[in-house]
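Student: Could we go through this structure together? I would like to begin with its core.

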Amino acid sequence: MKNTVIINTDVEKGIINKNIYGQFAEHLGRCIYEGLWVGENSPIPNTNGIRNDVLEALKNINVPVLRWPGGCFADEYHWKDGVGPREQRKRMVNTHWGGVIENNHFGTHEFMQLCELLDCEPYICGNVGSGTVQEMSEWVEYMTLNGESPMADWRKENGREEPWNLTYFGVGNENWGCGGNMRPEYYADLYRRYQTYVRNYGKNKIYKIAGGANVDDYRWTEVLMREAHWLMDGLSLHYYTIPGDFWLGKGSATDPRAEEWFVTMKKALHMDELITKHSTIMDKYDPAKRIGMIIDEWGTWFDVEPGTNPGFLYQQNTIRDALVAGVHFHIFHKHSDRVQMTNIAQAVNVLQAMVLTEGEKMLLTPTYHVFEMFKVHQDATKLDIETIVEEYEMNGEKLPSVSASASKDANGKIHISLCNLNHQAESTVNIDLRGLYDGIAKISGRILTADKPNEHNTFEQPEVVKPVEFKSFTVFNSELTVILPAMSVVVLAVE
Ligand code: AHR
């Protein structure tokens, strides 16, 4: 059987929200400190304390939105400790992540500056678990009120005259777990109360995100939607791709075994079922799909690299992670009528990171390269697509071998992204671009692949896995035949 992809280039399916390509940065391990923030006096080149190499790398993938300060850290964070002169800021223990001292040098002003430098939207997660309504309310006032008020005056004293624009605000994080171990009924009531005081000041209009379900906790979604859907703009969902068991052993990031590859792909594809089922519940209360599903934590979660702090969640990143990212984007595109934002966990040095750092060194991961290759889909128009593909089998289980998505940009250029999930065999794909009556005039491609399933970049060899030109295709009128090597991600540009 051949793999067939039919793209109806004249059937448009809405916009792929660029925020699907969002990032997440938590006060966890070496994400903020060392990864993003080195301080103004660091020998590592920086802009007001933010390291330049990481900044440039992240700029190059057009980060649309950045979530901060957590994660579990968010429900222990007291924002007032992180403003004012840095040397006077309160030091706290980051109890959740390694018990290290948090000096609060990276706070609201530093985060907002990072967003300005990245030209991205801030997405701030407030503290419901251990914070008060007043504290949350005053944070929003501090950031967004233009004029005179106790919090706006304090912001000005701290060096920022103008308010910031703040669109996305999360009312708590994982309130079923680290954010308070709550029942959905209790959290729904708290959500209703806390969000009341998340005010819109002046022209600033906040998009309020309620803390959503863990994986397949459909009851959580049902209760939240039933009790508070009219008070929310978004409802979150968290799902991590963990090949092993969360408590007994997640698996190594660089495990070369075929079984590990297969189970990782299977678990990555599970995202499709989760979105479908949670969406169905949301549809019941919100058939017009006003409320966005905000998948503000996703990605691979492996055992930490040997010898590193278990509380720092530092893991390597291989071609397997690249395939996980590609497959997720195709699923998010498929559900782009409901999925308005996603935030991979996390941007730097934590879980499925874009970049890894070691002192002054930095490397780009295979996952980074997928974000860079796929940025052409950001805010592009999704095209109707049908895929009929071979199955790829292991130990009696079957997965589709190829996944694909297509979009048209503002200039009419079509981008087709393809993933060959099969780690052992190439896949030949026939692509029928229906509606391109004059045929294909111009085509180019890039590929990310590797020889081994655990291939990755290191500080000694940072360019083992990187995109290169792709030419394994033939064109006949408006049809394409593409040969995808085993474990590859390809993006084609067609005119
Ligand atoms: O991303 C790491 C952690 O995973 C987050 O802090 C938490 O929200 C989730 O459990």
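Tutor: We shall discuss the core, then a pair of helices, then the sheet.
This is a predicted model, where local features need pLDDT of at least 70, side-chain atom pairs count only at pLDDT 80 or more, and totals for chains, interfaces and linings use all residues. Residues are numbered from 1 along each chain as its sequence is written, and side-chain values use heavy atoms, leaving out hydrogens and water.

Student: Which residues have the most contacts inside the largest nonpolar core?

Tutor: They are Phe169 and Phe329, in a core of 120 residues. A nonpolar core is a set of buried (under 20% relative accessible area, 1.4 Å probe, protein chains only) Ala, Val, Leu, Ile, Met, Phe, Trp, Tyr and Cys residues joined through side-chain atoms within 4.5 Å.

Student: And which helix gives the largest share of this core?

Tutor: Helix α7 (residues 258–285) does, with 10 residues. Helices are DSSP runs of H or I, at least four residues, and strands are runs of E, at least two, numbered from the N terminus.

Student: New topic: at what angle do α1 and α2 pack?

Tutor: Helix α1 (residues 52–59) and helix α2 (residues 108–118) pack at about 50 degrees, with axes 9 Å apart. Axes are lines fitted to C-alpha atoms, for helices over the stretch in contact (heavy atoms within 4.5 Å), and angles run from 0 to 180 degrees between N-to-C directions. The two helices are therefore oblique to each other: angles under 35 degrees count as roughly parallel, over 145 as roughly antiparallel, 65 to 115 as roughly perpendicular and the rest as oblique.

Student: Which strands are at the edges of the open sheet?

Tutor: The edge strands are β23 (468–469) and β24 (473–476). The sheet has 10 strands with mixed pairing; two strands pair if DSSP finds at least two bridges between them.

Notes
Buried < 20%, exposed > 50% of the residue type's maximum accessible area, 1.4 Å probe, protein only.
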